[in-house]
Amino acid sequence: MYRFLGATLLVFIGLQLHAQKQYQVMDWKTDVSLNTYLVQQMKSQYQLRNLKLTKALTSKNTAIAYQNDVKAKAESLFKNLPPKAALNAKVTGIIQQNGYRIEKVVYQSFQNHHVTANLYMPTGKGPFAAVLLFCGHEDTSKATESYQKTAQLLVKNGFVVLVIDPISQSERVQLTDENGKSLTRGSTTEHTLLNLQSNLLGTSVAAYELLDNECGLDYLLTRKEVDPNKIACVGNSGGAIQAIYFAAIDERVKAIVPCSYLSSRENTLATSGAADGCAQIPNEGLLQLEMSDYLIAAAPKPILVLAGRYDFIDYNGTEQSVADLKKFYAKLGLANRISFFTYDDGHGISKPKREKAVQWLRKWFYNDDRKIVEPELTALSDVELFSSEKGKVVLSYPNEVAVQQLNLQRFNSYAQKRREFSSGPIDLKLKRIEKFLNIGSLNKKIEVEEVGQVGKGKLNFSKMILRKDGEPPMPVLLYRPEKPVKKVVIFVSDAGKGKLADSLSLFDNYLSDQSTAIIVADLRGTGETADKAALNDPKYFSEDYRNAMLALHIGKPLLGQRTADMLTLFDFSANLNKTDVAEVTVISFGNVGLAALHASLFNNTVNQMELHHCMQSFKEVFENPLGKNRYGLVVDGIAQYYDIPDMLQWQQNKLIKF
């Protein structure tokens, strides 16, 4: 019986796949089309960047001008931060060790948001040079063995070390149940979901981490044992990108050591794709910022880059970034301030890398370049190193404001700004929205290629490819009525046109009117142009994560690109009737409905819309951060200016139903 049921299921699945495949329009591997387009756009941005850098390296003055430009661009990405709160720093415990002590520290960054850390303090009065140690994505964070040993080696060599728990790790998990248990599968998922919310507000998890780290430095500078002129930051993996960003923004840091992360944005995004949300900031590509540019912004500070030759982080990209830095520092006459150490291992700050980091920092801060040999070191447990009373800030502080709560507060605080935007003239709103979405193909000519027919029951669809110069081709199914077209009904779905076309009942209401044309289309990244599931890690909660993140990186959000596709469909619909303008109805399934809703703002022929299973307010993202498949809706900062109900209000003359 089980064999029979299994065989029946396989036959059913096979029939379903065949049914959908017959509606395929394009005869190439279309699941790569969108990513190929995005990579091409990104490469053109970085080609311009590389030309600018080459020109900048012709003289010291042009190099400094380039540095000032990238520094201003970097600062623009971190401008929308919540105000700092009073640190209210507390030492909640002390662990005495041989030659040093570990202080358990808690401080605030923004109001009622607590940061847990361990402070390693050498024996003696100082003042000592100090190091901010930024952790990667290990769940134990500051208690991870390699970070403990890094801090121990530093403190034994005369450095004060502050090891900071990042958001979503160790004591600072944000998305939890009432018992403090994480609601996600780990920090990388939580970072990504919180970053999605933050991007809608015009900020990022990277910016929130920067704020935490700046406040950590504020705390260090309150300690009389610390020399304020000798501050370094060291970071590994996800902590290395924190260090790279920090170097560009905070002038107080005097030396930088990133380990196992510096590479090339261009190489990485073109191959393995976007990493965790805490390492991605919208518009970096649009601003032509490579990873090395953040460190160029930090010149003339000494920089040591640590890498593993067999790391999953692209080593060729690491070499490219180091080459950029060496050329830039050489032009400033400071070639000796850049060093690159590679060890034949993989990801992480291993013993040889730790030794090299300490030697490098001793050289610059203590004028001592002797070789460092790490002794036998012993790690403590994470519980021993907890700084908060209950080992979780969400449980230890009754008024704790987690990142998702802050984001909801900030969304609500923009209500007046949204009302003011909404009350403005419609033409000004449309210009601003067009800029937000970066719609660049409004007036381009449509080229139509008919490639075949497919029929089922009463329906006979023409298979068509719609092309606009410089945009990905769009596959379309068109049903032409017997009489001249007076009305066009457009169907789009997150799941793609194949499933829609195979459901004849969807079209029954429109077939009796012999003047109604039916269009069933795949907006880019859906249907036959959807990305391969294997290339989108399920931990990111998004089936189009790599393309959505790359689109945000280049400043062309998927929502805007899909809005442009809808406008192409509207133009195509108008061309079906050569005499009168046909009325257009849109029926959508899923969140592609937001692309249709945006497009209808720019087109008066749309008179009716049915948006099934579509988000009805951006507030849903803030109230339910665990939702899936939302990155395709993200536009940097959009929730500051308008919400979905506002768009309905602007189109009261149209019948729009959710």
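1. The hairpin of E2 and E3 is a good place to start in this predicted model. Between its two strands lie 5 residues, and among them Asn112 takes a positive phi near 60°. The strands themselves run antiparallel and are joined by 9 bridges. One pairing to look up on your screen is Arg101, whose bridge partner in E3 is Met121.

2. Strand E3 deserves a second look for its surroundings. 9 of the 9 residues of E3 are buried, so the strand is largely enclosed by the rest of the structure. That holds for both faces: His114, Thr116, Asn118, Tyr120 and Pro122 are buried on one side, and Val115, Ala117, Leu119 and Met121 are buried on the other.

3. E3 has another pairing, with strand E5 (residues 159-164); this one is also antiparallel and comprises 4 bridges. Here Leu119 stands opposite Leu162 of E5.

4. Back in the loop between E2 (100-108) and E3 (114-122), please check His113. Is this residue buried or exposed? Its relative accessible area is 0%, so His113 is buried. The side chain of His113 makes a polar contact of 2.8 Å with the side chain of Arg172. Leaving aside residues up to four places away in sequence, His113 touches Tyr107, Gln108, Ile167, Arg172, Gln174, Asp212, Glu400, Val401, Ala402 and Val403. If you are setting up protonation states, the contacts with Arg172, Asp212 and Glu400 are among those on that list.

5. Helix H15 (residues 415-422) has three names to remember: its buried residues are Arg418, Phe421 and Ser422. They sit on the same side of H15, because they cover an arc of only 95° around the axis. This fits the usual geometry: an α-helix has 3.6 residues a turn, so residues three or four places apart point the same way. What do the buried residues of H15 pack against? Their neighbours are helix H14 (403-413), helix H16 (426-437) and helix H23 (644-650).

6. Ala206 belongs to helix H6 (residues 205-220). With a relative accessibility of 2%, Ala206 counts as buried. Beyond four places in sequence, Ala206 touches Phe78, Tyr245, Cys278 and Ile281. For a sense of distance, the C-alpha atoms of Ala206 and Asn98 are separated by 36 Å, and the two residues are 108 apart along the chain.

7. Cys278, one of the residues that Ala206 touches, leads to the cysteines. How many disulfides does the structure hold? The count is 0. For Cys278, the closest cysteine sulfur is in Cys135, and at 12 Å it is too far for a bond; the cut-off for a disulfide is 2.5 Å between the sulfur atoms. Cys278 is buried, with a relative accessible area of 1%. Cys614 is buried as well, with a value of 8%.

8. A last word on confidence. The protein has a mean pLDDT of 94, and 96% of its residues reach 70 or more. Residues 7-17 are where I would ask for a caveat: pLDDT stays under 50 there, and the model has 1 contact beyond four places in sequence for this stretch.

Notes:
Residues numbered from 1 in each chain as written. Predicted model: local features only at pLDDT ≥ 70, side-chain atom pairs only at ≥ 80, totals over all residues. Heavy atoms only, no water. Buried < 20%, exposed > 50% of the residue type's maximum accessible area, 1.4 Å probe, protein only. Polar contact = N/O pair within 3.5 Å; in protein donor to acceptor, adjacent residues only side chain to side chain. Contact = heavy atoms within 4.5 Å. pLDDT = per-residue confidence, 0-100. Arc of directions from axis to C-beta. Pairing = 2+ DSSP bridges.
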